[in-house]
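Here is a friendly walk through one model, for anyone meeting it for the first time. Have a look at the picture, then read on.

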Amino acid sequence: MAATFNDLQDAFVFELRDTLSAEKQILKALPKMTKAASSSDLKKAFEKHHKETQEHVQRIESALGSLQESVRAHECEGIKGLLKEGEEIIEANAESEVSDALLIAAAQKVEHYEIATYGTLCTWGELLGFDDAVDYLKKNLGEEKHADEKLTQVAEKVNANA
């Protein structure tokens with residue numbers, strides 16, 4: 001059954017639920033990526049982001065609650081596809097440094113997807129006057145940007161060795 005969107009608030013709630021699904025999928029994928037990484041810096045970055053992602057889920061749930069909306073996820077197909085690419089990298093035969101470089105690339109694709117999503121949600125939330133929800137979402141956006149920057153720093157070392 002197709003979703004119905006009568007206004008920007010409907011779209012906002014839909015995207016929040018989509019993002020909740022995305023973060024939950026990422027929570028499941030990060031331990032696999034951590035295990036597959038050979039660089040200790042990359043492992044640490046993935047472990048830290050796993051902890052942050054747990055908080056992201058809680059913040060999205062709080063954002064939905066602040067809108068008096070039920071806390072339920074809508075399957076995020078975009079992240080599902082990006083994570084499938086990450087799984088293919090994990091299963092591939094590659095030298096450890098090359099595998100790490102590929103894992104970073106896959107992780108940054110996910111981060112960029114999340115940054116775009118949170119940026120949109122913050123803009124919509126501000127337009128709609130959902131200040132409490134926006135506060136939660138801005139925290140997530142900041143952490144996603146920081147995670148991307150950290151991955152770039154790790155990539156500078158890893159890529160040179162690959």
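Is Gln68 buried or exposed? With a relative accessibility of 71%, Gln68 counts as exposed, because the cut-off for that word is over 50%. Before going further, keep in mind that this is a predicted model.

**A loop residue with an unusual angle**

Gln68 sits in the loop that runs between helix 2 and helix 3. Its backbone is worth a glance too: phi of Gln68 is near 65°, which is a positive value in a residue other than glycine. As background, most residues other than glycine have a negative phi.

**Two cavities inside**

Now let's look for enclosed space. The structure holds 2 cavities of 30 Å³ or more. The table puts them side by side.

| Cavity | Volume | Lining by class |
|---|---|---|
| Largest | about 60 Å³ | 5 nonpolar, 2 polar and 3 charged residues |
| Second largest | about 40 Å³ | 4 nonpolar, 1 polar and 2 charged residues |

Which residues line the largest cavity? They are Asp18, Thr19, Ala22, Glu23, Cys76, Ile79, Tyr113, Glu114, Thr117 and Tyr118. Helix 1, spanning 8-36, and helix 4, spanning 96-128, each supply at least two residues of this lining.

Thr19 is a handy one to pick out of that list. This threonine lies in helix 1, and Thr19 counts as buried because its relative accessible area is 5%, with the cut-off for buried being under 20%. Follow the chain for 56 residues from Thr19 and you get to Glu75, yet the C-alpha atoms of the two are separated by 8.7 Å.

The second largest cavity has its own set of neighbours: Ala29, Lys32, Met33, Leu83, Gly86, Glu87 and Ile90. Here the elements giving two or more residues to the lining are helix 1 and helix 3, the latter covering 77-91. Of the elements involved, helix 3 gives the most, with 4 residues.

**Aromatic pairs**

Next come the rings. A pair of aromatic rings is described by the distance of the centres and the angle of the planes. How many aromatic pairs are there? The count comes to 2 aromatic pairs.

Phe5 and Phe14 make up an edge-to-face pair, at 5.0 Å centre to centre and with 90° between the planes. Both partners have some contact with the outside: Phe5 is partly exposed, at a relative accessible area of 43%, and Phe14 is also partly exposed, at 23%.

Phe12 and Phe130 form a pair that is tilted, with 5.5 Å from centre to centre and 40° between the planes. Why does this pair tie together parts that are 118 residues apart in sequence? Phe12 lies in helix 1, while Phe130 lies in the loop between helix 4 and helix 5, so the pair links those two parts of the chain. Both Phe12 and Phe130 are buried.

**Helix 5 and its kink**

Helix 5 covers residues 131-161. It has 31 residues and reaches 45 Å from its first C-alpha to its last, which is close to the 45 Å expected at 1.5 Å a residue. Where is the kink in helix 5 centred? Look at Ala155: the kink there is about 30°.

Gln153 has its place in helix 5 as well. At 46% relative accessibility, Gln153 counts as partly exposed, because 46% falls between the 20% limit for buried and the 50% limit for exposed. Gln153 and Leu42 are 111 residues apart in sequence, and 9.7 Å separates them in space, C-alpha to C-alpha.

**A buried residue in helix 2**

Last stop: Ile60, found in helix 2, which covers residues 40-66. How does its accessibility come out, buried or exposed? Ile60 is buried, with a relative accessible area of 0%. Ile60 also has a distant partner along the chain: Ala133 is 73 residues away in sequence, but 7.9 Å away in space, C-alpha to C-alpha.

Note on methods: Residues are numbered from 1 along each chain as its sequence is written. This is a predicted model: local features need pLDDT of at least 70, side-chain atom pairs count only at pLDDT 80 or more; totals for chains, interfaces and linings use all residues. Side-chain values use heavy atoms; hydrogens and water are left out. On a 1 Å grid over the protein atoms alone, a cavity is a set of points where a 1.4 Å probe fits but cannot get out, and a pocket is an open set with protein on both sides within 12 Å along at least five of seven lines; lining residues have an atom within 4 Å of a point. Grid points are joined across faces, edges and corners, and a volume is the space filled by probe spheres set on the points. Ala, Val, Leu, Ile, Met, Phe, Trp, Tyr, Cys and Pro count as nonpolar, Asp, Glu, Lys and Arg as charged, and the others, Gly among them, as polar. Rings of Phe, Tyr and Trp (its six-membered ring) pair if their centres lie within 6.5 Å; planes under 30 degrees apart count as stacked, over 60 as edge-to-face and the rest as tilted. Buried means under 20% relative accessible area, exposed over 50%, partly exposed in between (1.4 Å probe, protein chains only). The expected span of a helix is 1.5 Å times one less than its number of residues. The bend at a residue is the angle between axes fitted to the seven residues ending there and the seven starting there.
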